Amino acid sequence: MQSSAILASILRTRRAMRMTAPELARQRDRQWAALQPALRRTPALADLAGKEPGAFPVVAPADMRRDYGAWNSLGLDHDRLCRAADAAETGSAEGIIDGLGVGWSTGTSGQRGLFIADANERADYIGQSLARLLPLRAMLRPQRIALHLRANSNLYSDVGGRFFAFRYFPLAEPAAATREALAAFAPTILIAPPHRLLALAEGNGCGVSMPALRHIFFGSEPMSEAEIDWVGEVFGVRPRSIYQATEGFVGAACTAGALHLNEHSLAIELEPVADTPGFRPVVTDLRRHSQPVVRVRLDDYLELAGESCACGYAGRVVRPVAGRVGDIWRWGRQAIAPGAVADCLDSLLGVPALWQVIGGPQTVELRLDPRVPAESAERAAAQFRERLSIPVAVSLSHGRPAEPFPKRRRVVWHD
């Protein structure tokens, strides 16, 4: 991948970060107009190409998963794309499509989603990420970036050169082995899901040394404020959020720590979620031409976090994704969002206690690590029910929660 294309994306993104909200809106209009030729070549969208965004139906990620052949502008059929994505994960040459990045990613629901990106789109993604996440001075010196992923991806693997070295660390690898490999790599930037950051922090007493570490980013699954605080204390670097979905690079935390929606390259509608102060996003990726994403409704639960930010970027500020809309607990008109559940239990049990809680119409089951003393567990369950005004019984079960692979899901609703 050409470093010049990444640099161009960095400069373009940093320029957009100085735009006002009306200027960003005008830029999105221009990007929408430039997207129309790709829409005309995309079977699922061709009939509506040239119309205003509101004329397009709102769809779910599952609609795209049914037939990826209908959702790309390159004339590639579903089976061909799936073979290419499988080949990218196994490292097989058979099935690879020259010049195209195809792979699987795991959304917040845990369902695999296929992504397609040509060389320009991959360079643009890397450039946007660096510009949105790092201060300018950090891009003027070499960076070693440790990526903790379910599977390797050529979205990053052929990026390199003088300033950026990416290293893949598989999530299936035991945490102890990962600690040794991390110490040898000496990353300046660490990117991982929260459950892996917590495992690495727990083992920090085993002699993990990362003296060059300057930035930690988390994504893929929710991380509570208490967990962010604890990991920050252990490593001396406070983790910041990346909001990445199969459907696009939705948001990133600025250097001031606020999570902004990436409204320089995406059109994001926020649909109110009944009986809560939150929203679910409907995403249109305006710079994605190989695999157009137009008005795709995600299951992420978002809450706004203020009108503006000291960093000056005009993208709306939201709280980090706290869970799925489908995991909001509901009894009649009473709704409890996953973030409120996690914050309450973290305050009662401490970090990094292992727990999972499953809500339902008749009962709430709290699964606790057996190392939690029985008396403490009973007290925590009673306080948990009282603090959140849970109208059903809270039962306790002792047993180590399931291993969080590929994603941790601590707050669940089963109807």
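Reader: Let's start with helix α8: which strands does it lie across?

Author: In this predicted model, helix α8, residues 194–202, lies across β3 (143–149), β4, β5 (189–192) and β6 (215–218). Relative to β5, helix α8 runs at about 125 degrees.

Reader: And what does α7 do next to α8? At what angle do they pack?

Author: Helix α7 (residues 175–185) packs with α8 at an angle of about 80 degrees, and the two axes are 10 Å apart. Angles of 65 to 115 degrees count as roughly perpendicular, so α7 is roughly perpendicular to α8.

Reader: Which residues make that contact?

Author: From α7 you have Ala-175, Thr-178, Arg-179 and Leu-182, and from α8 there are Arg-196, Ala-199 and Leu-200. By type, the contact of α7 with α8 has four nonpolar residues, one polar and two charged.

Reader: Back to the strands under α8. How should I think about strand pairing in a sheet?

Author: The general idea is that strands of a sheet pair through backbone hydrogen bonds, either parallel or antiparallel. Here, eight strands form an open sheet with mixed pairing, and the order is β4-β3-β5-β6-β7-β8-β9-β13. At the edges sit β4 (164–170) and β13 (317–318), each pairing on one side only.

Reader: Can we zoom in on one pair? How many bridges join β8 to β9?

Author: Three bridges do it, with β8 (residues 248–253) and β9 (residues 259–261) running antiparallel. If you'd like a spot to click on, pick Ala-252, whose bridge partner in β9 is His-260.

Reader: Now another helix pair, α1 and α5. At what angle do their axes cross?

Author: Helix α1 (residues 3–16) and helix α5 (residues 119–133) cross at roughly 45 degrees, and their axes come within 7 Å. That angle makes α1 oblique to α5. As for handedness, α1 passes α5 in a right-handed crossing.

Reader: Which residues should I select to see the contact?

Author: On α1, select Ala-5, Ile-6, Ser-9, Ile-10, Arg-12, Thr-13 and Arg-14. On α5, the list is Ala-123, Asp-124, Ile-126, Gly-127, Gln-128, Leu-130, Ala-131 and Arg-132. The contact of α1 with α5 divides into seven nonpolar, four polar and four charged residues.

Reader: Zooming out, how many helices and strands are there in the protein chain?

Author: The protein chain has eleven helices and 19 strands. Its C-alpha trace spans about 65 × 50 × 45 Å along the principal axes.

Reader: What radius of gyration would a compact globule with 415 residues have, and what does the chain have?

Author: A compact globule with 415 residues would come out near 22 Å, and the protein chain has 22 Å, so the two agree.

Notes:
Residues numbered from 1 in each chain as written. Predicted model: local features only at pLDDT ≥ 70, side-chain atom pairs only at ≥ 80, totals over all residues. Heavy atoms only, no water. Pairing = 2+ DSSP bridges. Helix = DSSP H or I, 4+ residues; strand = E, 2+ residues; numbered from the N terminus. Contact = heavy atoms within 4.5 Å. Axes fitted to C-alpha atoms, helices over the stretch in contact; angles between N-to-C directions. Parallel < 35°, antiparallel > 145°, perpendicular 65-115°, else oblique. Left-handed = near helix turned anticlockwise from the far one by under 90°. Nonpolar A, V, L, I, M, F, W, Y, C, P; charged D, E, K, R; others polar. Rg over C-alpha atoms; globule rule 2.2 N^0.38 Å.
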